Amino acid sequence: MTTTLLDTSKGIVEFTYKGSGPPVLLLRGGHSTRNTDLSHSSLIYEGFSLLTISRPGYDYTELSTGRTPEDFADTIIEVLDHLDIGKVQVISISAAGPTGIALAANHPSRVKRLLLEAALVTPWDNATKRKATLLFGPAEKMVWRSLRTLLKFFPDLAIKPLVAELTTENAEDYLDSLTPNDRRFIMDMLATSQSGKGFITDLAHDIPDMSRVKVPVLGMYSTKDRSIPYSNALLLKSSLPDCEIYEVNADSHLIWIGKDAHTVWNKRLEFLNQT
């Protein structure tokens with residue numbers, strides 16, 4: 001995929017901008033790179049233009065562009081100005097939740113609506129921070145290289161530890177329930193993942209004041225998500241004046257696969273197509 005590097009006032013930002021029609025800004029979650037696609041690229045075939053901006057520490061986007069969600073929200077506005085985009089609809093995934101909230105709260109004139117998909121809106125717990133720092137700090141390149149080698153020769157051994165962190169269900173039962181397409185989705189996701197300096201930066205993010213978000217918000221969450229507990233959805237609903245929560249019938253954090261995946265897709269399109 002062809003990417004663009006923009007030299008903003010705070011450093012280099014990597015982005016792609018494809019399609020035609022109403023612009024949608026996609027902010028990917030933790031560990032996701034330019035090559036990670038959780039189905040959102042298909043939005044260009046639904047009549048949208050898709051602007052995907054790599055967050056600080058991921059791909060070629062420099063940490064200086066925003067170590068806090070608020071700072072990077074300001075940098076995103078520079079990208080929008082560069083592309084002559086007035087208002088965008090925003091999709092924030094998982095660890096990108098705080099950035100989407102900051103953008104909507106601090107730049108309400110530039111955000112039409114906000115879609116939070118299994119997105120974090122509560123602080124990381126200390127146990128998660130300690131474990132993630134160990135795995136995805138200085139050792140992250142070795143960790144991902146080892147995982148991809150394991151994925152190639154023993155895929156189930158590579159996938160099982162991941163899904164155990166993403167589901168409240170038994171990991172083996174979850175694996176057994178996956179269709180071939182769902183399994184391929186997970187393998188592709190792992191094969192394109194890299195933490196860089198991004199995920200460690202994500203762990204330090206504070207949650208912006210959600211009460212300042214006045215645009216329509218849709219949150220899509222699963223009650224069986226271990227990594228982003230459903231309490232995030234409850235807090236979101238109680239904090240925002242114009243918020244709908246869709247409880248996804250999914251067995252893990254991966255709401256983009258499984259028995260309710262088509263409904264997630266249709267719910268997303270319904271929200272984005274509102275006038």
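**Figure 1. Exposed surface and overall dimensions of the predicted protein chain.** The protein chain exposes about 12300 Å², and carbon and sulfur atoms supply 53% of this area. Accessible areas come from the Shrake-Rupley method with a 1.4 Å probe, and for residues only the protein chains shown count as cover. Of the 275 residues, 52% count as buried; buried means under 20% relative accessible area, exposed means over 50%, and partly exposed lies in between (1.4 Å probe, protein chains only). The protein chain has ten helices and eight strands. Helices (H or I, at least four residues) and strands (E, at least two) are DSSP runs, numbered from the N terminus. The radius of gyration is 18 Å, close to the 19 Å that the globule rule gives for 275 residues, so the chain is as compact as a globular protein of that length. That radius is taken over C-alpha atoms, and the globule rule is 2.2 Å times the number of residues to the power 0.38. Along the principal axes, the C-alpha atoms fill a box of roughly 50 × 40 × 35 Å. This is a predicted model, in which local features need pLDDT of at least 70 and side-chain atom pairs count only at pLDDT 80 or more, while totals for chains, interfaces and linings use all residues. Residues are numbered from 1 along each chain as its sequence is written, and side-chain values use heavy atoms, with hydrogens and water left out.

**Figure 2. Contacts and charges across the protein chain.** Among contacts with a separation of 6 or more, 77% are accounted for by residues 24 or more positions apart. Contact means heavy atoms within 4.5 Å. The chain has 29 positive and 33 negative side chains, and the centres of the two sets lie 2 Å apart. Lys and Arg count as positive and Asp and Glu as negative, whereas His and the chain ends are not counted. The place of a charge is taken as NZ of Lys, CZ of Arg, CG of Asp or CD of Glu.

**Figure 3. The aromatic cluster of W124, F136, W144 and F199.** Rings of Phe, Tyr and Trp (its six-membered ring) pair if their centres lie within 6.5 Å; planes under 30 degrees apart count as stacked, over 60 as edge-to-face and the rest as tilted. By this rule the count comes to three aromatic pairs. In one of them, the rings of F136 and W144 have centres 5.8 Å apart and planes at 25°, so the pair is stacked. F136 is buried at 14% relative accessible area, and W144 is buried at 5%. F136 also forms an edge-to-face pair with F199, with 5.8 Å from centre to centre and 85° between the planes. F136 lies in helix 3 (residues 126-136) and F199 in helix 8 (residues 198-203), so this pair ties together parts that are 63 residues apart in sequence. Both F136 and F199 are buried. Ring pairs link these residues with W124 and W144 into a cluster.

**Figure 4. A95 in the loop between strand 5 and helix 2.** Strand 5 covers residues 88-93 and helix 2 covers residues 97-106. A95 is buried, with 3% relative accessibility. Not counting residues up to four places away in sequence, A95 touches G29, G30, R55, W124 and D202. The C-alpha atoms of A95 and A105 are separated by 17 Å, and the two residues are ten residues apart along the chain.

**Figure 5. E244 in strand 8 and S238 in helix 9.** Strand 8 spans residues 243-247, and E244 is partly exposed at 34% relative accessibility. Leaving aside neighbours within four places in sequence, E244 is in contact with V217, L218, G219, K237 and K267. V217 is 27 residues from E244 along the chain, and their C-alpha atoms are separated by 6.3 Å. Helix 9 spans residues 231-239, and S238 is exposed, with a relative accessible area of 60%. S238 and M210 are 28 residues apart in sequence and 9.9 Å apart in space, C-alpha to C-alpha.

**Figure 6. Positive phi at S39 and D59.** S39 is not a glycine, although its phi is positive at about 105°. S39 lies in the loop between strand 3 (23-27) and strand 4 (49-53), and is partly exposed at 26% relative accessible area. D59, also a residue other than glycine, has a positive phi near 55°. The loop that holds D59 runs between strand 4 and helix 1 (69-82). D59 is partly exposed, with a relative accessible area of 26%.
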